[in-house]
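Reader: I'm new to this one. Could you walk me through how to read it, feature by feature?

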Amino acid sequence: MSVKIEESWKKQLEKEFEKEYFTQLIEFVKSEYSQKRIYPPGSLIFSAFDHCAFEDLKVVIVGQDPYHGPGQANGLCFSVADGVRHPPSLQNIFKEIKSDLGLDIPQSGNLERWADQGVLLLNATLTVEASKAGSHQNKGWETFTDAVLEVVSQEKEHIVFILWGAYAQKKGSFLDQNKHLILKSPHPSPFSAHSGFFGSKPFSKTNQYLTSKGLTCINW
């Protein structure tokens, strides 16, 4: 199956694209886009990969679902399009960056600037129906994104995996801790941020690790 995804990722994942579950997934997604309002826009489904080539990868942040409100989702977890109000979890991420690194909170919540530096902002499920959180779960996306994490864990070394909340931590349970740095904390959601997300310093810890491996830091 021909999938419009960045070339280096296509090379790594081509076996997945030939599997029956993926064929069924794509049929489901195409049907949903033809009948309903689905986010993100179809051209941005694989945007996280398009902004971050496999060879440039340094950091993986795992999310769950795309945002399901109008104009929010842009294919990168926790990120919103330019000009869109920062959702609560993203507000807390920016607060932690300010506390951790002393950086001012940016006007734009578009995290393409991170992705372009080698941060894969990977949602477990890459599509969602408008106003229906979790509506595309258990259709095959999770199998695909597990395969993404597995190929990164196996084929790369010195990657920082940032796993916020129980869902992401369970999804990343098989990652190779001997080759990579795994950072875990509660989710930045307002429901859990005060339970250990604030003060967890994932951004400085990431850059310290990258520096220790002779790699360039991320400009958060």
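Reader: Let's start with helix H1: which residues of H1 are buried?

Author: A word on the ground rules before that. This is a predicted model, where local features need pLDDT of at least 70, side-chain atom pairs count only at pLDDT 80 or more, and totals for chains, interfaces and linings use all residues. Numbering starts from 1 along each chain as its sequence is written, and side-chain values use heavy atoms, with hydrogens and water left out. Helices (H or I, at least four residues) and strands (E, at least two) are DSSP runs, numbered from the N terminus. Buried means under 20% relative accessible area, exposed over 50%, and partly exposed in between (1.4 Å probe, protein chains only). In H1, residues 7-17, the buried ones are Ser8, Trp9, Leu13, Glu16 and Phe17.

Reader: Why do they count as being on the same side of H1?

Author: An α-helix has 3.6 residues a turn, so residues three or four places apart point the same way. Here the buried set covers an arc of only 155 degrees around the axis, which puts these residues on the same side of H1; the arc is taken from the directions from the helix axis to the C-beta atoms. On the other side, Glu7, Lys11 and Lys15 are exposed.

Reader: And what covers the buried residues of H1?

Author: Look for contacts, meaning heavy atoms within 4.5 Å. The cover includes helices H2 (20-35), H3 (47-50) and H6 (141-155), plus strand S3 (119-123).

Reader: How about the sheet: what is the order of its strands?

Author: Two strands pair if DSSP finds at least two bridges between them. This open sheet of four strands runs S3-S2-S5-S6, with parallel pairing. S3 and S6 (181-185) stand at the edges with a single partner strand each, so one side of each has no neighbour in the sheet. Five bridges join S2 (residues 59-63) to S3, and Val60 stands opposite Leu120 in S3.

Reader: Where is His136, and is it buried or exposed?

Author: His136 is found in the loop between strand S4 (128-129) and H6. At 1% relative accessibility, His136 counts as buried.

Reader: Which side chains make polar contacts with His136?

Author: A polar contact is a pair of N or O atoms within 3.5 Å; within protein, one must be able to donate a hydrogen and the other to accept it, and residues adjacent in sequence count only if both atoms are side-chain atoms. The His136 side chain has one of 2.9 Å with that of Glu32 and one of 2.7 Å with that of Thr127.
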